[in-house]
Every structure is written in C-alpha cells, then in structure tokens.
Amino acid sequence: MSLFYDALETRSPEEREADLMAALPRQLEHARRSSRAWAEILADIDPGGVTTREALARLPVTRKHELLERQQATRSTDPLGGFATLGFGAQMPRVFASPGPIYEPEGTQRDYWRMARAIHAAGFRAGELVHNCFSYHFVPAGAMMESGAHALGCTVFPGGTGQTEQQVQAIAELRPAGYIGTPSFLKLILEKAEEMKVALPSLTKALLSAEAFPPSLRDWMAARGVAGYQCYATADLGLIAYETSAREGLVLGEDVIVEIVRPGTGDPVPEGEVGELVVTTLNPVYPLIRFGTGDLSAVLAGPCPTGRTNTRIKGWMGRADQTTKVRGMFVHPGQVATVAKRFPQVLRARLVVSGEMASDRMVLQVETTETAPGLATLLADTLREVTKLRGEVEMLPPGSLPNDGKVIEDARSYS
C-alpha cells in the first residue's frame, strides 16, 4: 500500500517547477482565447513570456469580489461572468452556488476538483466505503469529495448534513472506513453515538475541511479512535493543500501554482512571511489566474518528512481583507501598500487604528533603517493624501513588526 498517491508527489522541486512553468503559458493562452473575462484581463499580456514566477507576479490579481462583480454584471447573458471556457451542456454537468451568490461550474474530467490526493493522504484506499457529510445542496463540497473518492476507487454514502441519529445508525450498519466533512459535525456525530450508546468501531479516519481543526479537537477525536486530517480547498479552485501523516503544515497540491503576497497588493512576500494566498490553476474549464483567496498563510521551510517534495504552507491563518472604517471612511490594505511603495526606505508597514468609539487614532508603523525626522513627516503627508485622514508615524527598526500578515490592525475598544 503506497504512501503516495502518485509519482508527482516525489518529483524533484526543480522538475515540478519546470513542469508548472511550461504549463503556465499554455493555460494563459487557453484562458485568453476561450473566455471573455480573461480576454479582457489579460489583453496586454504575452502568454509566451510568462514562464517564471517573476513574470507571473506582474500579472493582475483577480479577487473574489471582482469575480462576483463580473458575474453580477453579466447575469442576463452569462451568469458565470465570462470566466468559464464552456457553455451549459453535456461538458458542464453541474453548476454550484457559493455565498454571494458566486456560481461555479463543474467539468467532466475525472476528479475534477483534484480531491483524491487529499483523501489518499488521510488514509483512505480503494475498496473502502466513505461516509460523506459535506452538503450536496447548492455548494460543491459534497460533489468535490465524492468525485475524489470515486477517483480513488471508493464507494460513497452521501450522508449530507443534519440528522445526527440517522448518521449514527448508517455508520453503525454500513461500517464505513471513515468520514469526510466538517470537524464540528463529526464531533456531533461521535457525541450522539456516545449518547445513544452505539459503538462505531469501523470509523477510524477522517478528512476534514471548511472549518478550523485545532490540535485539541484532533486529540479529542483520536481518543475516540478517529485519526483526523485536514485539507484546504475552495469552491472556486478545488484542492489547494492537504495534511499528511507528518502533521507539519499542509503540502500544496500538484496542479496549482501558489504565491503568497502582501495583502492589498500582488507582490510576493519573502519565504516564511505571512501573506495572502494567491492561486493559479491549470483547470481548462474554469481557469483562474492569480486568484486572490483572501486567506492568510505562510510557507514552511524544507520538505515534508513523509518524502513529499512540494512546498508546505502553515494552513489557514486568518483573512487578508482587513478593510477598516476610520472616522467614517474606509481604509484598505492597498492604500497602506501605496504609501509604503513611495518610499524605498520603508521595508514593511502596518497601520494601527486605536482609541474608543468616535475617537479614532491612526498610527502608521514602518520598519526602516532611516531615522531622519523628515521621512516621518513625508510619510504622514502621504498617508493623509492617500487615505484622506490624518495619522501619526512611528519609525521602527527592521524585524519589529509581528509576522502575522496584518497590514491594518484594528485595536479600538468598543466596550
């Protein structure tokens, strides 16, 4: 029984990067030729010249709110916003909806959402029964996991959500090898089984997603015989990263190009620094190029102890959208980045908003080796020009700001 899903997981990092960078210009050309939205977004881009991460980083980031806005603008003619390369019909068997609503297509490719890799890493194998408790209604989560389990050679019981007593009964009678769904719902099922005094000895593993899975809950499940592993996926992108038996971060999927950028910008951050996850997929049906997830994470140094050679990330570390209202006006992370970019002396910047209700105070904290007071004055003037709000400036030595991905910190008291 192989530890790895396929040979892609143990490629040399150099071979993987070469393969991804060779596929990237082809995907860009396909997206530009086959979808109206990407034809507009990439109008001034030469796909053949985008063969490195440096070149990729010069392309615009498309964020979820822009995807929603494009879909809303074309509802009557194209509810998918011009991003899909196919129309409705046999080649697009389903369309799903996420909050917004944002609509996502499903293609006919085997394991369209690329979930089999994560399911395999969680210990599931061909010939097993999977109890799938992700929703099959509106959102794609249930279908995402089911298609991955089928690709792995598993049979699926579509448990869906709710009805914990019936879930317990089905698990007791069908004896599935494991559970797929949210960690909170698995906890409810296990608690209900204890309340009903029903043993569930077959349930020994779980793939969990869509919620935080803290070590305390992992240990709680382990004490009841269930080894839980998590994965990070979205309705737009499919699988992005998955946990392994090493339990040291999440390993990136083999079919995505992941960057971590400073929130509010498209600029990649140094390895280890917290920033927003930006993902490029190689999906021909629904190509997403430099798609800003709005989620924070950071790259972990070194390879996975299991022998998988792809990059690891720390997992979900919060949201990148730190837009804050100050004195009745919105301040965006991109505005803080705009201020900082005008001054090469500034290494990192963070806007701290403090005070009590109706008494806001803004302080722009900047890491810099320059201590001349003239820089602080120029920064304060630029901050006012960009945000239309007055603020103070605090000069700090390099390395002083926390590595938590925050560009705007709301430290106000509302009590």
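Helix α10 passes helix α11 in a right-handed crossing, and that is a good place to start looking around this predicted model. From there, this briefing moves on to two open sheets, one with 4 strands and one with 9. It ends with a few single residues worth finding in the viewer, among them T234 in strand β8.

**The α10 and α11 pair**

- Two packed helices are described by the angle between their axes and the distance between the axes.
- For α10 (residues 333-341) and α11 (residues 373-387), the axes come within 10 Å and cross at roughly 140 degrees.
- On the α10 side, the residues that meet α11 are Q335, T338 and V339. Their counterparts in α11 are L379, T382, L383, V386 and T387.
- Sorted by class, this contact between α10 and α11 has 4 nonpolar and 4 polar residues, with no charged ones.

**The sheet of 4 strands**

- Reading across this open sheet, you will meet the strands in the order β1-β13-β12-β11, and their pairing is mixed.
- The edges are held by β1 (62-63) and β11 (256-261). Each has a single partner strand, so one side of each is left without a neighbour in the sheet.
- β1 pairs with β13 (residues 291-297) in the parallel sense, over 2 bridges.
- To find this pairing, look for T62, whose bridge partner in β13 is F291.
- Helix α1 (residues 13-34) lies across β11 and β12 (275-281). The helix runs at about 95 degrees to β11.

**The sheet of 9 strands**

- Here the order is β5-β4-β6-β7-β8-β9-β10-β15-β14; the sheet is open and its pairing is mixed.
- At the edges stand β5 (155-158) and β14 (299-300). Because each of them has a single partner strand, one side of each is left without a neighbour in the sheet.
- Strands β4 (residues 129-132) and β6 (residues 178-181) pair in the parallel sense over 3 bridges.
- Within that pairing, H131 has Y179 in β6 as its bridge partner.

**A closer look at T234**

- T234 belongs to strand β8, which covers residues 227-234.
- With a relative accessibility of 15%, T234 counts as buried, because the cut-off for buried is under 20%.
- Its side chain reaches the backbone nitrogen of L237 at 3.0 Å.
- If you set aside neighbours within four places in sequence, T234 is in contact with M144 and I240.

**Unusual backbone spots**

- As a rule, most residues other than glycine have a negative phi, and most peptide bonds are trans.
- G100 and P101 are joined by a cis peptide bond, with omega at about -10 degrees. You can find P101 in the loop between β2 (94-98) and β3 (102-106).
- D111 has a positive phi, near 50 degrees, and is not a glycine. This residue lies in the loop between β3 and α5 (116-121).
- R175 is another residue other than glycine with a positive phi, near 55 degrees. Its place is in the loop between α7 (164-174) and β6.
- Are these two loop residues buried or exposed? D111 is buried, with a relative accessible area of 13%, whereas R175 is exposed, at 59%.

Technical notes. Residues numbered from 1 in each chain as written. Predicted model: local features only at pLDDT ≥ 70, side-chain atom pairs only at ≥ 80, totals over all residues. Heavy atoms only, no water. Buried < 20%, exposed > 50% of the residue type's maximum accessible area, 1.4 Å probe, protein only. Polar contact = N/O pair within 3.5 Å; in protein donor to acceptor, adjacent residues only side chain to side chain. Contact = heavy atoms within 4.5 Å. Axes fitted to C-alpha atoms, helices over the stretch in contact; angles between N-to-C directions. Left-handed = near helix turned anticlockwise from the far one by under 90°. Nonpolar A, V, L, I, M, F, W, Y, C, P; charged D, E, K, R; others polar. Pairing = 2+ DSSP bridges.
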